[in-house]
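Colleague: I would like a close look at one part of this model, taken slowly and with its surroundings. Please begin from the point I ask about and work outwards from there.

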Amino acid sequence: MWDDLKTAAEKRPTIQTLFEADPKRAEQFSISQGDMLFDYSKTQIDADARRLLLAMAQEAGVEAKRDRMFSGAHINETEDRAVLHTMLRNLGGAPTGVPEEEYHEVLSIRAAMETFATAVRDGGFTGQGGAITDVINIGIGGSDLGPAMGTLALAPYYDGPRVQFVSNVDGADIADALKGLNPETTLVIVASKTFTTIETMTNARTAFDWMKGQVADPATQFAAVSSATDKTSAFGIDPSRVFGFEDWVGGRYSMWGPIGLSLMIAIGPEKFLEFLEGGWAMDKHFQTAPPLENMPMMLALVGLWHNQGCGHATRAVLPYDNRLSRLPAYLQQLEMESNGKSVVMDGGDVPVHSGPVVWGEPGTNGQHAFYQLIHQGTRVIPCEFLVAREGHEPELSHHHQLLVANCLAQSEALMVGRSLDEARDIMVAKGLSGEELERQARHRVFPGNRPSTTLVYPKLTPYVLGQIIALYEHRVFVEGVILGINSFDQWGVELGKELANKLTPILRGEESAAAKDGSTQMLLRYLQDKS
């Protein structure tokens, strides 16, 4: 299977050749879902390569495993868990195979979230000094990246208290967030499923101590997103302000439920429901559309073609939508924590490289930073552009036109490039000749034939954001199934945590560093030197 893919990739035609051979290529190599369009025609995937990719998906049993996921089967085999984050956004009743009581528990927790969010927004819930003016969400990883990204993305719908996010254990993060806030009108949400995450709980205790200076009972202004009710109770948080979720919701898939509480407070329950509706619409599309017309399926197959087939080790996510500036960071966790594995389900080795390095920045900023390497560097970097048909600022429509023009121009430039002859003509027009003309022309050559995809949506609304996030979630799932790995565990994050816990008492001077390697011992000596 993988050898066939690599062989096909070695024989791949140029992108421009494909367009010359098929004037309707753009229509044949694009997919619509609702008002969203995914164009993958500017890649080197031809009809034969696409048939091979689809056959790989069929051989791997993607559709069958998809159905098992939605029905609550324990497809997270290394942890013996179901994978049911999709149920958090299911608005049509209990999925087939899932007990009614589990679905009703989701509805019950969502209703409690809505009640609390409404009370915070309209003054029904107050701090010691009156209505809540500021919310601090303390979490890390999936308890931070999703709601932080979503709150920024949906800024035009943001009509609740100010919401900030603290994740880093570096004291600068929480110090900067708390600076200038009034403890008496601040709500702190501590988001940790186990209520033991060291970074989160360190920041939570710091926030508690800060609030204690002015608030008689700081715990009355804390809420928790956690399933460890014994620990939240010990912290002093009333059960009515604790919102739990099941172990079948992984952290990086969790912003649809209680982890999204801060987002719900920012935009309101109604808009949050629209966000869920967008995700649910993408779920239904993923479950029902045939593979060739299935947007998550084809997005995943394009990714496999570029990474495992062509050998491109990274992918750049480039939203031409400034409010999606945190989307690349969100997708870094979603994709790299999910599919950054080297072992298949039965414990054997993954036969190919697994997930790519995911990175990116919003356009047009990136054009003045790293696009030089994308266009003229020695490595090919597949690019994934995202752009809205319409912005939220009609009075600045000329800005949006320029933004869209830049987005389309970049994908075109990556594809067509500039030949040496074209560069020579430019230098002739500038009056150059001879060796200097040749030298200058070579600097202006663009190789072209560099792949990209473009996702176009009408406007960045809560519904559309839900579509986009669910699209990428399912892309990760499809890639993981074909690779034969478990996309829903993350054992790779554990070792560093364990070693950090062992190093902390050494830094305090309570234990010896004698058992550590020479490099770590040297670094510890340097860091502990106060002279």
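Which residue of β9 does Ala224 stand opposite?

Modeller: Please keep in mind throughout that this is a predicted model. Ala224 stands opposite Val242 in β9, and the pairing to which this belongs consists of two bridges that join β8 to β9, the two strands running parallel. Strands of a sheet pair through backbone hydrogen bonds, either parallel or antiparallel. On its other pairing, β8 meets β7 in the parallel sense over four bridges, and here Val225 of β8 is the bridge partner of Ala191.

These pairings belong to an open sheet of five strands, which has the order β6-β5-β7-β8-β9 and parallel pairing. The edge strands, each of which pairs on one side only, are β6 (162–166) and β9. Helix α9 packs on this sheet and touches β5 (134–138), β6, β7 (186–191) and β8, while the direction of α9 makes about 160° with that of β7. Because an angle over 145 degrees counts as roughly antiparallel, α9 can be described as roughly antiparallel to β7.

Turning to the side chains, in a regular strand they alternate between the two faces of the sheet. Both faces of β8 are covered, with Phe222 and Ala224 on one side and Ala223 and Val225 on the other, and all of these residues are buried. For Phe222 the relative accessible area is 0%, and this residue is therefore buried, the cut-off for that word being under 20%.

Phe222 also leads into the aromatic contacts, for the structure holds 17 aromatic pairs. A pair of aromatic rings is described by the distance of the centres and the angle of the planes. The rings of Phe208 and Phe222 have centres 5.8 Å apart and planes at 50°, so this pair is tilted. Since Phe208 lies in helix α9 (residues 198–212) and Phe222 in strand β8 (residues 222–225), the pair ties together parts that are 14 residues apart in sequence. The helix that packs on the sheet and touches β8 is thus also joined to β8 by a ring pair.

A second tilted aromatic pair is formed by Tyr253 and Phe488, at 5.3 Å centre to centre and with 45° between the planes. Tyr253 lies in the loop between β9 (242–243) and α11 (261–267), whereas Phe488 lies in the loop between α19 (462–483) and α20 (494–507), so this pair ties together parts that are 235 residues apart in sequence. Tyr253 is buried, with a relative accessible area of 2%, and Phe488 is likewise buried, with a value of 10%. Both residues belong to a cluster in which ring pairs link Phe70, Tyr253, Phe286, Phe477 and Phe488.

For contrast with the parallel pairing described above, the model also contains antiparallel strands, and four bridges join β1 (residues 30–33) to β2 (residues 36–39) in that sense. Ile31 stands opposite Phe38 in β2, and the two strands form a hairpin with two residues between them, where Gly34 in the turn has a positive phi of about 65°. β2 is in turn joined by three bridges to β13 (residues 452–457), again running antiparallel, and in that pairing Asp39 stands opposite Thr454.

Methods:
Residues numbered from 1 in each chain as written. Predicted model: local features only at pLDDT ≥ 70, side-chain atom pairs only at ≥ 80, totals over all residues. Heavy atoms only, no water. Pairing = 2+ DSSP bridges. Phe/Tyr/Trp six-rings, centres within 6.5 Å; stacked < 30°, edge-to-face > 60°. Buried < 20%, exposed > 50% of the residue type's maximum accessible area, 1.4 Å probe, protein only. Contact = heavy atoms within 4.5 Å. Axes fitted to C-alpha atoms, helices over the stretch in contact; angles between N-to-C directions.
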